[in-house]
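Please open the structure in your viewer and keep the selection panel at hand. The tour goes from one selection to the next and says at each stop what is there.

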Amino acid sequence: MPSETDAPAPPPSPFHAALHSLRVWDVSLPRFDAATAPAEPGVLFREWFVHAVQAGQVEPHTMSLATVDPRGRPDARILMLHDADSRGWHFASHSSSAKGRQLAARPDAALVFYWPAVARQVRVRGRVAALGPEASRADLAVRSRGALAAALTGLQSEVLGSAGELAAASAAAWERAAAEPDAVAPTWTAYVLEPVEVEFFQGDAARRHVRLRYRRDSPDATAWTRELLWP
Ligand SMILES: Cc1cc2nc3c(=O)[nH]c(=O)nc-3n(C[C@H](O)[C@H](O)[C@H](O)COP(=O)(O)O)c2cc1C
């Protein structure tokens, strides 16, 4: 009689079969020479961003934003990048949302970009500043009617009673966005994350990944220290 251990293993679940069939970086990987990296991380970020777009990376302007709640518990979600300039990484959201309230109480945050088409990851840590009503209005002014309608709908992160409530509020917001393209969404806020640490990760087929970290003491310090990290 076959023992229990001789019994054939049950077939993997569709989830495990799918999970275990996957690999990362089935592409020819770009080289990254950290020794020739620019002095400013923002310059390198913009170079890498253009490269990711040219390599066909889908939605490279989406990123994960991590914040902490008042009990110190991390929270993270995907946002769109609105700009990256000498001040920092720009995004927008509702100041009344969970992330908006978390940032108001504690402005420390982190961003992560992952661009599998080029086996690259960029991590940014720093302090988030709200840019004020004029910049927040300007942020929406250059975006689509749908973005304005979504911002006017408001109540982000509040508990929703029913899909019908959302449909009604959204329809009213779309109507208003069409009639008043300059309508102000009071809680819509432009933010900038002013970096103190930025890490560039280039994946390598032999697992000798290149990690280059830029760091400075505070967002006001001008000089960046550059250092390699063990992968
Ligand atoms: C691709 C993508 C882009 C998003 N972009 C934004 C954005 O720019 N601003 C925003 O407030 N929410 C955006 N969201 C929704 C957020 O992920 C999140 O659900 C929402 O902001 C509420 O987060 P919170 O409850 O942590 O505040 C985006 C979601 C996805 C999937």
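Begin by selecting His61, which counts as partly exposed because its relative accessibility is 28%, a value that falls between the limits of under 20% for buried and over 50% for exposed. Bear in mind throughout that this is a predicted model. His61 sits in the loop between helix H2 (41-54) and strand S1 (62-68). If neighbours within four places in sequence are set aside, the residues in contact with His61 are Phe49, Leu79, Met80 and Leu81. For one of these, Met80, you can draw a distance between C-alpha atoms: His61 and Met80 are 19 residues apart along the chain, and their C-alpha atoms are separated by 5.8 Å.

**The ligand**

Keep Met80 selected and add the ligand, since a backbone N or O atom of Met80 lies 3.2 Å from an oxygen atom of the ligand. Now show the residues around the ligand, which are Thr62, Arg77, Ile78, Leu79, Met80, Ala92, Ser93, Ser97, Ala98, Lys99, Gln156 and Ser157. At Ala92, look for a backbone N or O atom 3.0 Å from a nitrogen atom of the ligand. At Ser157, turn to the side chain, where an N or O atom is 2.7 Å from an oxygen atom of the ligand.

**The largest pocket**

Which residues are the closest to the centre of the largest pocket? This pocket has a volume of about 340 Å³, and of the 20 residues that line it, those closest to its centre are Arg137, Leu140, Ala141, Leu148 and Ala183. Colour helix H4 (133-141), helix H5 (145-153) and strand S7 (188-202), the elements that give two or more residues to this lining; the largest share, six residues, comes from H4. Colouring the lining by class will show twelve nonpolar, four polar and four charged residues.

While H4 is on display, select Ala135, which is found in that helix. Ala135 counts as partly exposed because its relative accessibility is 30%. A distance drawn from the C-alpha atom of Ala135 to that of Pro60 should read 24 Å, for two residues that are 75 residues apart along the chain.

**The second largest pocket**

Move on to the second largest pocket, in which about 270 Å³ of space lies. Its lining is made up of 13 residues, and the closest to the centre are Thr153, Gly154, Leu155, Leu160 and Leu166. Both H5 and helix H6 (163-179) supply at least two residues of this lining, and H6 gives the most, with four residues. By class, the lining of the second largest pocket has six nonpolar, five polar and two charged residues.

**Arg211**

For the last stop, select Arg211 in strand S8 (residues 210-215). Is Arg211 buried or exposed? Arg211 counts as buried because its relative accessibility is 16%, and the cut-off for that class is under 20%. Show its side chain together with that of Glu199, and you will find the two joined by a polar contact of 2.7 Å. To see the wider surroundings, leave aside neighbours within four places in sequence and display the residues in contact with Arg211, namely Arg123, Glu199, Phe200, Phe201, Glu227, Leu228, Leu229, Trp230 and Pro231.

Conventions. Residues numbered from 1 in each chain as written. Predicted model: local features only at pLDDT ≥ 70, side-chain atom pairs only at ≥ 80, totals over all residues. Heavy atoms only, no water. 1 Å grid on protein atoms, 1.4 Å probe; cavity = no way out; pocket = protein on both sides within 12 Å on 5 of 7 lines; lining within 4 Å. Points joined across faces, edges and corners; volume = space filled by probe spheres on them. Nonpolar A, V, L, I, M, F, W, Y, C, P; charged D, E, K, R; others polar. Buried < 20%, exposed > 50% of the residue type's maximum accessible area, 1.4 Å probe, protein only. Polar contact = N/O pair within 3.5 Å; in protein donor to acceptor, adjacent residues only side chain to side chain. Contact = heavy atoms within 4.5 Å. Near = heavy atom within 4 Å.
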